[in-house]
Amino acid sequence: MVKNESGFDRVARVILGAIALWAGLLPLGGSAGATLGLVVAVVGLVLLVTGLVGFCLIYRVLGFSTKP
């Protein structure tokens with residue numbers, strides 16, 4: 001996996017992913033089984049992981065990269 005995310009992109013994904021994961025599990029009730037909360041939590045988890053790893057599969061499929 002070749003990194004295809006810039007530093008800003010990675011930081012933004014980690015921050016937004018952490019917020020979405022928290023919001024999906026606690027305020028939106030994902031930990032209690034609420035569908036919207038679970039969806040938001042999964043999206044947050046994906047953002048968090050891709051930000052930490054520096055690789056986005058969607059970018060790869062589209063031939064896009066934010067890394068200079």
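**Note on a predicted three-helix chain**

1. Of the 68 residues in the chain, 31% are buried, where buried denotes a relative accessible area under 20%, exposed one over 50%, and partly exposed a value in between (1.4 Å probe, protein chains only). The model is predicted: local features need pLDDT of at least 70, side-chain atom pairs count only at pLDDT 80 or more, and totals for chains, interfaces and linings use all residues. Residues are numbered from 1 along each chain as its sequence is written, and side-chain values rest on heavy atoms, with hydrogens and water left out.

2. The chain contains three helices and zero strands, in the order α-α-α along the sequence. Helices (H or I, at least four residues) and strands (E, at least two) are DSSP runs numbered from the N terminus. The C-alpha trace spans about 40 × 20 × 15 Å along its principal axes.

3. Among contacts with a separation of 6 or more, 69% join residues 24 or more positions apart; a contact means heavy atoms within 4.5 Å. The accessible surface amounts to about 4500 Å², and carbon and sulfur atoms supply 79% of this surface. These areas come from the Shrake-Rupley method with a 1.4 Å probe; for residues, only the protein chains shown count as cover.

4. The aromatic rings yield one pair under the following rule: rings of Phe, Tyr and Trp (its six-membered ring) pair if their centres lie within 6.5 Å, with planes under 30 degrees apart counted as stacked, over 60 as edge-to-face and the rest as tilted. The pair is formed by Tyr59 and Phe64, edge-to-face, at 5.0 Å centre to centre with 80° between the planes. Tyr59 is classed as buried because its relative accessibility is 15%, whereas Phe64, at 46%, is partly exposed.

5. Tyr59 also has Arg13 over its face, 5.0 Å from the ring centre. A charge sits over a ring if NZ of Lys or CZ of Arg is within 6 Å of the ring centre and within 35 degrees of the ring normal.

6. Ser31 merits a separate remark. This residue is placed in the loop between helix H1 (7-25) and helix H2 (35-53) and is exposed, with a relative accessible area of 58%. Leaving aside residues up to four places away in sequence, Ser31 touches Gly24 and Leu25. A polar atom of the Ser31 side chain lies 3.0 Å from the backbone oxygen of Leu25. The C-alpha atoms of Ser31 and Phe8 are 30 Å apart, with the two residues 23 positions apart along the chain.

Note on methods. Polar contact = N/O pair within 3.5 Å; in protein donor to acceptor, adjacent residues only side chain to side chain.
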